[in-house]
Amino acid sequence: MKAFWKKPAISQRAEFLSARDMLQRAAAISMLFLLLHLAGLREFTGILNGTIGSLTLGWNLSAFLAVIYIMFYLAFVILVPILVLAAVILAMGRRCVQNAENPRITSDANS
Amino acid sequence: MKARLKRIVAGLAALVVAALIWLPCLHFFFSRPVSEFRQELGLSPEARQLAARHLQLWTEPALRETELNKMRVSNAEWDFMGRSYLVWSLANMALRDPASKPLYLRTMDQIIDETLRLEKQEGMYFFLMPYAKDSRYVMQPAHSLFLDGEIALMLASRRVVEEKPEYKPLLTERVNAIVERFQKSPRLMLESYPDQCWMFDHCVALDAIKMADHLDGTDHEFLIRDWLAMAKRRLVDPKSGLLISSFETDGTPLDGPEGSSIWMVAHSLQLLDADFARDQFQRARKELGAITLGFGYAHEWPKSWPGMPDVDSGPIIPVFDISAGSSGMAFIGASAFQDEEFLKSLAATVDFAGFPNRTHGRLKYCASNQVGDAALLYAATLGPLWKKVETGTKPR
């Protein structure tokens, strides 16, 4: 029963800057960006050229929503791929180290 | 503790390597062939989609009102310039796509008629920024070359595509009034705002005069020649060789060269003095244009004459010193002078950072506004109108 309720591996808190940590962060950013995008916040980015996003919401709220959207957009297109690539690099590096260590362990055991 | 430190160092190193791989590749995801933005013949897919959005604005009054009001909160000029750029774009589109000419002409007439009605009903200050009322125009009665030049070019563009007899006296009247004021001005410098003259407005007005000559057989070559000689002598920044953007009626510079002005100025000059136009574009490209990691953009000011951000430059993005206004207008320069590398990189930037919204075959850039998108549409379609005037082909 306890095993049934166990969280899936991907949602378990990973060690800081481990490959899994990077993938979790990438997934979180992507999810948040998707939500902001679906909420229609892209419309507020007109603030970039000095145009108000919504006459109803006014300057301050429009600017705030624009800044939030732009930050998550940049994180999605720049940071997320970097995090995913870094996770792949770490996983590959780990596999290389393991491959390098394994033959030594095997030869140690034989001797 | 040692294992944790080792993991963090490995993680940071992986992030650095990943960044070094990803950042130079990023532009590949936003780059498209130049032909998607601008084509030598016919209309590019981008032009069609941008035009579809603008045509929708002119068939749905409520939508148009919302868009225009959003711009007018910041700058009433944008409402006016959005109309001008759209009319000039539609003129080029009508020449590129004769099958759709009736629709384009109808929309042009609708925009021109409404603009003239508003100017007559509300007065010239309706399309100007509030500071126009702060002091008295030096030359009386007060006129703004900004309005007169762009309206004249709208009327002339319409007539170059296809003659409309009702617009002939309106163009003649507007052009004669501009010429008369040039003749009264000892230095050939006309105001757009009180004691404030703009290079952009002079070039557009002279284009309209040139077009009127083409249409109606008048001859203002001497005026154009004298004005160009004066501008080369008095209105060029000696360090960059670029035309300055604003000056007083006695020629005292107000602003130095500006990206939000010079790209369109260079394009306007193509109709007046092709060699000077190319020289200005090449200098602007060198002083203001930049491409980083495959993304093109433009600065607002050359290093020789820095300025302060204003409504024309738009917000300046630090570090790279990117001006939204100058980068948007750079499309016009790159397209007019067929600088494909720059145009392609600018298009990559606008797809990356302009937040395009494509729905039902219509395109708008959310980070832009109606006037910004209309200027992009103009960049995607310009060419045939100037060519028709240069080759002297009269409308039927």
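User: I am new to this structure. In what sense do strands β4(B) and β5(B) pair, and over how many bridges?

Analyst: This is a predicted model. In it, β4(B) and β5(B) pair in the antiparallel sense over four bridges. One of these pairs can be located by residue: I291(B) has G296(B) in β5(B) as its bridge partner.

User: How many residues lie between β4(B) and β5(B) in the hairpin?

Analyst: Two residues separate the strands of this hairpin, and L293(B) in the turn has a positive phi of about 50°.

User: Which elements of chain B do the buried residues of helix α11(B) pack against?

Analyst: The helix itself should be described before its partners. Helix α11 of chain B covers residues 274–288, 15 residues in total, and reaches 20 Å from its first C-alpha to its last, close to the 21 Å expected. Its buried residues include A277(B), F281(B), A284(B) and L288(B), together with R283(B), R285(B) and E287(B). The buried residues of α11(B) pack against both strands of the hairpin, β4 (289–292) and β5 (295–298), and against helices α10 (259–269), α12 (324–336) and α13 (340–353) of chain B.

User: Which strands form the open sheet in chain B, and in what order?

Analyst: An open sheet is read from edge to edge. Here three strands of chain B stand in the order β1-β2-β3, with antiparallel pairing. The edge strands are β1 (197–198) and β3 (253–255) of chain B, each of which pairs on one side only. Strand β2 (residues 246–247) of chain B is joined to β3(B) by two bridges, and F247(B) stands opposite P253(B) in β3(B).

User: How many helices and strands are there in chain B, and how many in chain A?

Analyst: Chain B has 15 helices and nine strands. The radius of gyration of chain B is 22 Å, close to the 21 Å that the globule rule gives for 396 residues, so chain B is as compact as a globular protein of that length. Its C-alpha trace spans about 85 × 50 × 40 Å along the principal axes. Chain A, for its part, has two helices and zero strands.

User: What percentage of residues count as buried in chain B and in chain A?

Analyst: Of the 396 residues of chain B, 49% count as buried, whereas buried residues make up 29% of the 111 residues in chain A. Contacts may also be read by separation in sequence. Among contacts in chain B between residues at least 6 apart, 70% join residues at least 24 apart. In chain A, residues 24 or more positions apart account for 60% of the contacts with a separation of 6 or more.

User: Which residues touch the most other members of the largest nonpolar core?

Analyst: This core has 119 residues, and those that touch the most other members are A91(B), A152(B), A156(B), A208(B) and I332(B). Helix α4 (residues 76–96) of chain B gives the largest share of the core, twelve residues. A second, separate core of 15 residues includes L83(A), I89(A), L90(A) and A14(B). As for I332(B), the residues it touches, not counting those up to four places away in sequence, include W263(B), M264(B), Y378(B) and L382(B).

User: How many residues does each chain give to the contact between chain A and chain B?

Analyst: The contact takes 28 residues from chain B and 21 residues from chain A. On the side of chain B that touches chain A, the elements giving two or more residues are α1 (2–25) and α3 (61–74) of chain B. The largest share of that side, twelve residues, comes from α1(B). By class, the side has 18 nonpolar, eight polar and two charged residues.

User: Where is the cis peptide bond at P141(B) found?

Analyst: Most peptide bonds are trans, and most residues other than glycine have a negative phi. The cis peptide bond joins Q140(B) and P141(B), with omega about -5°. P141(B) is found in the loop between α5 (101–122) and α6 (145–161) of chain B.

User: Is L17(A), which has a positive phi, buried or exposed?

Analyst: L17(A) has a positive phi of about 65° although it is not a glycine, and it is found in the segment before α1 (19–38) of chain A. L17(A) is buried because 20 other C-beta atoms lie within 10 Å, and the cut-off for a buried residue is 20 or more. D321(B) also has a positive phi, about 60°, and lies in the loop between β6 (316–317) and β7 (322–323) of chain B. With 17 C-beta neighbours inside 10 Å, D321(B) counts as partly exposed.

Technical notes: Residues numbered from 1 in each chain as written. Chains lettered and ligands numbered in written order. Predicted model: local features only at pLDDT ≥ 70, side-chain atom pairs only at ≥ 80, totals over all residues. Expected span 1.5 Å × (residues − 1). Buried ≥ 20, exposed ≤ 12 C-beta atoms within 10 Å, placed from the backbone. Contact = placed C-beta atoms within 7 Å. Pairing = 2+ DSSP bridges. Nonpolar A, V, L, I, M, F, W, Y, C, P; charged D, E, K, R; others polar. Core = buried A, V, L, I, M, F, W, Y, C linked by C-beta atoms within 7 Å. Rg over C-alpha atoms; globule rule 2.2 N^0.38 Å.
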